[in-house]
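Hi everyone, thanks for coming. I'd like to walk you through one structure today, starting with the whole thing and then going into a few places in it. Have a look at the screen while I talk.

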Amino acid sequence: MAWFKRTDKGIQTATEDKKDTPKGLWYKTPSGKIIDTEELKRNLYVSPEDGYHVRIGSKEYFELFFDDNKFKELNKSLTSKDPLKFEDTKKYPDRLKAAQEKTKLNDAVRTAVGKSLGKDLVIAAMDFAFIGGSMGSVVGEKIARAIDYSIKNKIPFLMVSKSGGARMMEASLSLMQLVKTSAKLAQLAEVKIPYISLCTDPTTGGTTASYAMLGDINIAEPNALIAFAGPRVVKDTTGKDLPEGFQKSEFVLEHGFLDAIYERKDLKKQINLYIDLIQNLPIRKPEVIL
């Protein structure tokens, strides 16, 4: 019975000697499915039980798209300033510093160039972990410079969007990035360089209102939230119940705002297929190159 009842009273264990269950061994999807995290990683962070696509960041997307994960990062050292001296619950510089220490990122987007299926590709991939993937002046500037690199070197451009929208700490400076990135994409179109836009969960606000919906091809991952204002805001504003799946990528596709939805395992192949078709080039065969 000693196995089931504590016979010794007053046992005290020092905090540093207490044994905790290691964290991060399992992941539970919104549908309640549980998966080992190592298996989840091997499956590109997609639950094999229900197909749920776990949010990932630029590191994982670079691993997914670039051959052998080899790439050159562009404009890595750019960081945000605080011209408005913004302060809410904490000062903006303090919030930036905390986000940088937590994520090991300089801002909410990383840009890079490398080979994808043997051909050069410029990628701008957003990170939701950095202040909700909010679009500030650095995000807009890095995307603009990545587009300039694409134009100068005649390389196709891929944008991976994942954002809560404009960064309120930068006010109008943030909103200016919608115009700047849209203008740069117009320049990219003028020289007939392909631009593929990939919307992931979530793609909202000013991001959706600008570069995320301006691709030659606009695609998304399954069940991603894609919207300008979120469902709660829309419901509160209209006072009406929303359709099931409202603003999920499947709903958006059905209503004509997307060209296709692809599972994560198919993204590299499909995006490079679109690039070959747009440029009227021989279609590359992934099984040969990989």
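**The overall picture**

So, counting up the secondary structure, this protein has nine helices and nine strands. Please keep in mind that what you see is a predicted model. If you take the C-alpha trace and lay it along its principal axes, it spans about 80 × 55 × 45 Å. There are 290 residues, and 43% of them count as buried.

Here's another way to look at the fold. Take the contacts between residues at least 6 apart in sequence: 67% of those join residues at least 24 apart.

**The sheet**

Now let's find the sheet. Seven strands form an open sheet, and if you read across it the order is β3-β4-β5-β6-β7-β8-β9, with mixed pairing. Which strands stand at the edges? Those are β3, residues 71-74, and β9, residues 260-261. Each has a single partner strand, so one side of each is left without a neighbour in the sheet.

Let's go to β5, which covers residues 119-126. Is this strand largely enclosed or not, and why? Well, six of its eight residues are buried, so the rest of the structure largely encloses it. Buried here means under 20% relative accessible area.

On one hand we have β4, residues 109-116, which pairs with β5 in the antiparallel sense over eight bridges. If you want to find one of those on the screen, look for G114, whose bridge partner in β5 is L121. The two strands form a hairpin with two residues between them, and in that hairpin L117 takes a positive phi near 55°.

Then there's β6, residues 157-163, and with this one β5 pairs in the parallel sense, over four bridges. Two places to look at: V122 stands opposite F157 in β6, and A125 stands opposite V160 in β6. How does the chain get from β5 to β6? Helix α4, residues 137-153, joins them in a β-α-β unit, and that unit is right-handed.

**One residue up close: V113**

Let me zoom in on V113, which is found in strand β4. Is V113 buried or exposed? It's buried: its relative accessible area is 9%, and remember that the cut-off for buried is under 20%.

And what does V113 touch? If we leave aside the neighbours within four places in sequence, V113 is in contact with F66, F71, K72, L74, L121, V122, Y149 and I155. You've met two of those names already: L121 is the bridge partner of G114, and V122 is the one opposite F157.

For a bit of scale, V113 and F128 are 15 residues apart in sequence, and C-alpha to C-alpha they are 21 Å apart in space.

**Some backbone details**

A few spots in the backbone deserve a look too. K104 has a phi near 65°, which is a positive value in a residue other than glycine. You'll find K104 in the loop between α3, residues 92-103, and β4. K104 is exposed, with a relative accessible area of 70%.

I131 is another one: its phi is about 50°, so to speak on the positive side, although I131 is not a glycine. I131 sits in the loop between β5 and α4.

And then there's a cis peptide bond, between D201 and P202, with omega at about -5°. P202 lies in strand β7, residues 195-203.

**Empty space**

Last topic: the gaps. The largest pocket has a volume of about 160 Å³. Of the 13 residues that line the largest pocket, the closest to its centre are I226, A227, F228, Q247 and V252. What classes of residue make up that lining? There are 10 nonpolar and three polar residues, and no charged ones.

The structure also holds one cavity of 30 Å³ or more, and the largest cavity has about 50 Å³ of space in it. Its lining is Y52, H53, D201, E221, P222, N223 and A224. By class, that's three nonpolar, two polar and two charged residues. Notice D201 in that list: we just saw D201 joined to P202 by the cis peptide bond.

That's my tour, so over to you for questions.

Notes:
Residues numbered from 1 in each chain as written. Predicted model: local features only at pLDDT ≥ 70, side-chain atom pairs only at ≥ 80, totals over all residues. Heavy atoms only, no water. 1 Å grid on protein atoms, 1.4 Å probe; cavity = no way out; pocket = protein on both sides within 12 Å on 5 of 7 lines; lining within 4 Å. Points joined across faces, edges and corners; volume = space filled by probe spheres on them. Nonpolar A, V, L, I, M, F, W, Y, C, P; charged D, E, K, R; others polar. Buried < 20%, exposed > 50% of the residue type's maximum accessible area, 1.4 Å probe, protein only. Pairing = 2+ DSSP bridges. Right-handed = clockwise from strand over helix to strand, strands pointing away. Contact = heavy atoms within 4.5 Å.
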